[in-house]
Structure formats: structure tokens, C-alpha cells
Amino acid sequence: MSNILTRKVGEDLLKKFFDKYRSYKYKAGETIIQPGEKIKSIYFLETGYVSQQVISESGEDFILNIFKPRSYFPISLVLQGINNEYFYESLSEISVKKAPIKDVLIFLKENQPAMEELLLRLSAGLNMLANKTEALMFGNANRKVAATLYFTAQRFGKEKDKKTIIDFPLTHKRIAAMTGITRETVSLEMGKLKKNDIVSYKGKKVTILDINRLHNLCVCGD
């Protein structure tokens, strides 16, 4: 199916459309959209990383998704016409462009390649989310951490000297928020992965030393 749909043309059209709007800067840790807030704009992420997260009844953060540069949010909520129940927070310094929802919807109706590009992005995201959810639901702590690192590396990793560097700040607390387990358990599992030369980490920088062994640990589908 993806072979019949347009990618490059749609990407270029979307970029050209958002180039008309001004850029906004946010510092790391700032809330961009709050739960219950009426969505008025679609955001195009120029630089940096943004999390989509919820807070549990016990007050724990749980990260559902992370957006990387050249992503659009919260486009899925707008297309479905549902209210926002999530926090969107900057994980690093970011730059975004904002376009009014009405303008975006008119543009998409008039530009099929752009709509196709968003459809492919959403489909790819859903497929990866399904694979990750399986590992998180049925795996032990070891598998959950491995799956989170593997899929994060797949989306944000940069290859260098046969290693994969995850290209955004990834603390043990943040991994806990992505897996739904405690930070103490994450630290224990990360220590095992480091001891076995599967990952290395220093501060907020995580490097995957052996992506194949990590894949085998998480029993992840690609």
C-alpha cells in the first residue's frame, strides 16, 4: 500500500504550508498543551522532542508517545474530533510552528499528497505502538525496559561506529514513565544491560551497544 501513496511530495507540501507561520520557542520541561485545553492549533515540531503523557491517579507520569523533529501534533486528536486528555511537554529546548486548525483542515482537503503523508505517519506510529504495547503488557521488567529502549532507538537512534545513540535526554525516571514500572526497577534492569555490554549510559545519554541482543531480549516485532 505504501508504494502507491506519495511521500516526498506530501512532506514538501506540509513543510511549505507550515513555513508561512511564525516559530515559537519552549524551554525543556514546559507544558505546551494541557488536558482539557481546547485545541486551536496544529503544531509542527522544527527542533527538539515533545512527550505526550498522562498522570495516573497515584500521581505518576506515563509517557504514551514522543514526537521528534518534523512531527505534527496533536493531529490525530483533531482528525478524530475528540477532546484532549493529555499533557504535551517539551523534553528539550524546542522550536515549533503553529497553524490554526481550520487552515490545516482546508489545506489537507485540497492537497491529497499531504493527507496521504499524514496517513502513513499515523499508520507507522500505530504499528510500532502495537508492538511496544504487547511487550509492556505481557513482559517482565527486563522485557519492558528492553522493549522501550529498542523502540526508542528505532525511532530516535543515530548510528555511529556500529552503536546506536538515542538522540534525546533519556533518564531512568523517563524510562520508568515510558514503561510503567518504578525508577528503582529501571535502574536495576539498566545495570544488568550495562553489565552485559548491551547498553551504556552516562548522565542522560543512552547508547545501544548491541541492537540485535536488545531485540532478542524484548522479543519485539519490527
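Here is a short walk through this predicted model, from the overall fold to one pair of packed helices.

Let's start with the whole chain. The protein contains eight helices and 12 strands. Its radius of gyration comes to 18 Å, close to the 17 Å that the globule rule gives for 222 residues, so the protein is as compact as a globular protein of that length. If you lay a box along the principal axes, the C-alpha atoms fill roughly 55 × 40 × 30 Å.

Now look inside. Of the 222 residues, 41% count as buried. The contacts also tell us about the sequence distances that are bridged: among those with a separation of 6 or more, 70% join residues that lie 24 or more positions apart.

With that picture in mind, let's turn to a single helix pair. Two packed helices are described by the angle between their axes and by the distance between those axes. Here the partners are helix 1, residues 8-18, and helix 3, residues 101-110. They pack at an angle of about 150 degrees, and their axes are 12 Å apart. Because angles over 145 degrees count as roughly antiparallel, helix 1 is roughly antiparallel to helix 3. The crossing of helix 1 past helix 3 is right-handed.

Which residues in helix 1 and helix 3 meet? Helix 1 brings L13, L14, F17 and F18, while helix 3 offers D103, V104, F107 and L108. Sorted by character, the residues of this contact comprise seven nonpolar, no polar and one charged. The charged one is D103 of helix 3.

Terms used
Residues numbered from 1 in each chain as written. Predicted model: local features only at pLDDT ≥ 70, side-chain atom pairs only at ≥ 80, totals over all residues. Heavy atoms only, no water. Axes fitted to C-alpha atoms, helices over the stretch in contact; angles between N-to-C directions. Helix = DSSP H or I, 4+ residues; strand = E, 2+ residues; numbered from the N terminus. Parallel < 35°, antiparallel > 145°, perpendicular 65-115°, else oblique. Left-handed = near helix turned anticlockwise from the far one by under 90°. Contact = heavy atoms within 4.5 Å. Rg over C-alpha atoms; globule rule 2.2 N^0.38 Å. Buried < 20%, exposed > 50% of the residue type's maximum accessible area, 1.4 Å probe, protein only.
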